[in-house]
Each structure stands twice: as C-alpha cells, then as structure tokens.
Amino acid sequence: MTDQGRLEHVEVDSSQAEVKHGDVFFTVSSETPEEVGMSSIWLGNIRNVYLNSFCFGYRQDGSFDSLYLAYVLRSQSVRKQIELLAQGISRFNISKNKVMNVEVPKPSLGEQRRIGAFLDRLDSLITLHQRKYCGVASWMLGVALVRLSSEK
C-alpha cells in the first residue's frame, strides 16, 4: 500500500491522470528483474494527487478488493510472472500492455475481502512484533554496552 506521508510535489501536465482510491501503481524500470513491476495500491482519498513518470497506473473496475489486490500482486506466483516480463541488461523495464495480461487469482469478492482483511491484520501483527523485538534488542544492546563500559 502506498505511504501517503511520502508524497512529493510534481509539475502536473494535461497527460497526467489524477489518482483515485484503489488505483494500482507499477514501477516501469529497475536495476534488477526482481524489482521491476513492483506494485502499490493507493488507498487514500486525497485530491490533486498525480502519478509520476517512473510508474504506470491501472484503474480497476471494482472487481477486486483493494487490500486483496495489494497482497496478491506481491505474491510469489504473480511476481514470478512479472519478473519474466523484465527486459534489459543493466536496467530492466516492463511493458504496461504485457503486465495487464498477467494472470491474477480472482476468487469471489467476498472471499477477496476476507483474504485481504486477514493478510492486512497479519501484516499489522508482524509489524507490531518487529517493533517490540527491535525495542528489546536495542535495550539489550544498551545494557551490554553499559556492562562493558563499567568493566573497564
């Protein structure tokens, strides 16, 4: 999902489309085939937000739940399909037309909502535990440094 706190000002021209809730962004270029075509979903409702030239957008028709789509586009099976589309030697690029032909699993909308909500909750729990772990690790490092400095 796109971090709304990382927006930057861009010059807007007539060829740019305003971003809307549920839009998907794909990076068009990367130094590695594994990173080309990485996706992000816009879940915001802020006006006057436009896509930059480093990615292309896809506006879905509502047949996908946004949270489900965010996770499935980052799944191993979908990422493998996108990585195969990468073309280049020192810099890899993808074609929007080819990405639009990637097969994405599409269960019923109700099932998508349940899967998306489950994965979002799981992601939140993992983040919470990582923060706790980092806090404990930092505290333990501080204790070790204090002990080492007091042993001198």
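In this predicted model, Asp23 is buried, its relative accessible area being 6%, whereas Arg59 counts as partly exposed at 44% relative accessibility. These two residues form a salt bridge in which the closest N and O atoms are 2.7 Å apart. Because Asp23 lies in the segment before β1 (24-27) and Arg59 in the loop between β4 (55-58) and α1 (66-72), the pair ties together parts that are 36 residues apart in sequence.

The count of salt bridges comes to three, and they are set out below.

| Salt bridge | Closest N and O atoms |
|---|---|
| Asp23 and Arg59 | 2.7 Å |
| Glu31 and Arg91 | 3.8 Å |
| Glu111 and Arg114 | 2.7 Å |

Glu31 pairs with Arg91, and this pair links distant parts of the chain, with Glu31 in the loop between β2 (29-30) and β3 (39-41) and Arg91 in the loop between β5 (87-88) and β6 (92-93), 60 residues apart. Glu31 is exposed, with 60% relative accessibility, while Arg91 is partly exposed at 40%.

The pair of Glu111 and Arg114 belongs to one element, since both residues lie in helix α4 (residues 109-150), three residues apart, which is about one turn of the helix. Here Glu111 is partly exposed, at 31% relative accessible area, and Arg114 counts as exposed at 53%.

A further feature is the second largest pocket, which has a volume of about 190 Å³. Its lining includes Val24, Phe26, Tyr58, Phe64 and Met100, and the lining residues divide into eleven nonpolar, no polar and no charged.

How values were computed
Residues are numbered from 1 along each chain as its sequence is written. This is a predicted model: local features need pLDDT of at least 70, side-chain atom pairs count only at pLDDT 80 or more; totals for chains, interfaces and linings use all residues. Side-chain values use heavy atoms; hydrogens and water are left out. On a 1 Å grid over the protein atoms alone, a cavity is a set of points where a 1.4 Å probe fits but cannot get out, and a pocket is an open set with protein on both sides within 12 Å along at least five of seven lines; lining residues have an atom within 4 Å of a point. Grid points are joined across faces, edges and corners, and a volume is the space filled by probe spheres set on the points. Ala, Val, Leu, Ile, Met, Phe, Trp, Tyr, Cys and Pro count as nonpolar, Asp, Glu, Lys and Arg as charged, and the others, Gly among them, as polar. A salt bridge is a side-chain nitrogen of Lys or Arg within 4 Å of a carboxyl oxygen of Asp or Glu. Helices (H or I, at least four residues) and strands (E, at least two) are DSSP runs, numbered from the N terminus. Buried means under 20% relative accessible area, exposed over 50%, partly exposed in between (1.4 Å probe, protein chains only).
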